[in-house]
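Me: Please take a close look at one part of this structure: the aromatic rings and how they pair. Keep it brisk.

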Amino acid sequence: MQFFHNSWDEVLEDVFQEPQFIELMEKVYVQYKNYNVFPPKERLFSAFKLTPYDKVKVVILGQDPYHGKGQAHGVAFSVLPGVKLPPSLKNIYTEIKSDIGCNMTNNGCLTNWAKQGVFLLNSVLTVREGSPGSHKDLGWNWFTDLVIKKLSDRKEKIIFLLWGSYAISKKKLINENSHIVLCAPHPSPLSAHSGFFGCKHFSMVNKILKSWGESEINWKN
């Protein structure tokens, strides 16, 4: 089954055949049929298509997609060009500027990061318009937890950025003897001042990648 047309298809081949995955997809398509659901169906797996399994250097874990019209496009924390920056993304940009001195623009599209190996994964991949968390019990966590475990099983090292208590709760899925896990409060306005600002994760990622002989991430949007 070719879902993503890259190395993810082979890695997740067994998952696609699980009755639980088939049931999940059926539930998701019912939601798309009956409600306004984001991201658009054709962008549902954008993060996987943009960042193949074997190219992942960094994982940034989000919770669920933006629930406003025209915002979500299947890449965690990202919005399409021309869409107003959501508060969390604005704070991410603020930290990048403070950390590495990079002047960010008002373009909130992070596909440039994704193409460099930053896997921007939401734990829940869909949401109903205007209703945050509406699909948290649909079954997505079962799937994305398996995805995180598959990444943890990878021989090549990965840096996981876990922001906020929800993302940090996924730490148990990651083998910290093989990979690096960096934790901080969530970048939302409610918690960014509690330690997200000043976490310096972006410079730390590049320092670690450089020490591994890997190319650094150009965080410029």
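Reply: Buried here means under 20% relative accessible area. Keep that cut-off in mind for what follows. The model is predicted.

Phe-45 is buried by that measure, and Trp-140 is buried too. These two residues form an aromatic pair. The geometry is edge-to-face, with 6.2 Å from centre to centre and 75 degrees between the planes. Where do Phe-45 and Trp-140 lie? Phe-45 is in the loop between strand 1 (37–38) and helix 4, while Trp-140 is in helix 7 (residues 140–152). The pair therefore ties together parts that are 95 residues apart in sequence.

Next come Phe-48 and Phe-119, an aromatic pair that is also edge-to-face. Their centres are 5.2 Å apart, and the planes make an angle of 75 degrees. This pair also links distant parts of the chain. Phe-48 belongs to helix 4 and Phe-119 to strand 3, 71 residues apart. Are these two rings buried or exposed? Phe-48 has 1% relative accessibility, so it counts as buried. Phe-119 is buried as well, because its relative accessible area is 0%.

Both pairs belong to a wider picture. Ring pairs join Phe-45, Trp-140, Phe-48 and Phe-119 into a cluster that also includes Phe-3, Phe-4, Trp-8, Phe-16, Phe-21, Tyr-53 and Phe-143. Across the whole structure, a search finds 25 aromatic pairs.

Tyr-53, one of the cluster residues, has a charged neighbour. Arg-154 lies over the face of Tyr-53, 6.0 Å from the ring centre. There is another such arrangement at Tyr-35. Arg-128 lies over the face of that ring, at 3.7 Å from the ring centre.

Now the pocket. Helix 4 (46–50) and strand 3 (118–122), the elements that hold Phe-48 and Phe-119, each supply at least two residues of the lining of the largest pocket. Helix 5 (87–100) does so as well. Strand 3 gives the largest share of that lining, three residues. The space in the largest pocket is about 460 Å³. Which of the 31 lining residues are closest to its centre? They are Gln-63, Asp-64, Pro-65, Tyr-66 and Asn-122. By type, the lining divides into 18 nonpolar residues, 12 polar and one charged.

In short, Phe-45 with Trp-140 ties together parts 95 residues apart, and Phe-48 with Phe-119 links parts 71 residues apart.

Note on methods. Residues are numbered from 1 along each chain as its sequence is written. This is a predicted model: local features need pLDDT of at least 70, side-chain atom pairs count only at pLDDT 80 or more; totals for chains, interfaces and linings use all residues. Side-chain values use heavy atoms; hydrogens and water are left out. On a 1 Å grid over the protein atoms alone, a cavity is a set of points where a 1.4 Å probe fits but cannot get out, and a pocket is an open set with protein on both sides within 12 Å along at least five of seven lines; lining residues have an atom within 4 Å of a point. Grid points are joined across faces, edges and corners, and a volume is the space filled by probe spheres set on the points. Helices (H or I, at least four residues) and strands (E, at least two) are DSSP runs, numbered from the N terminus. Ala, Val, Leu, Ile, Met, Phe, Trp, Tyr, Cys and Pro count as nonpolar, Asp, Glu, Lys and Arg as charged, and the others, Gly among them, as polar. Rings of Phe, Tyr and Trp (its six-membered ring) pair if their centres lie within 6.5 Å; planes under 30 degrees apart count as stacked, over 60 as edge-to-face and the rest as tilted. Buried means under 20% relative accessible area, exposed over 50%, partly exposed in between (1.4 Å probe, protein chains only). A charge sits over a ring if NZ of Lys or CZ of Arg is within 6 Å of the ring centre and within 35 degrees of the ring normal.
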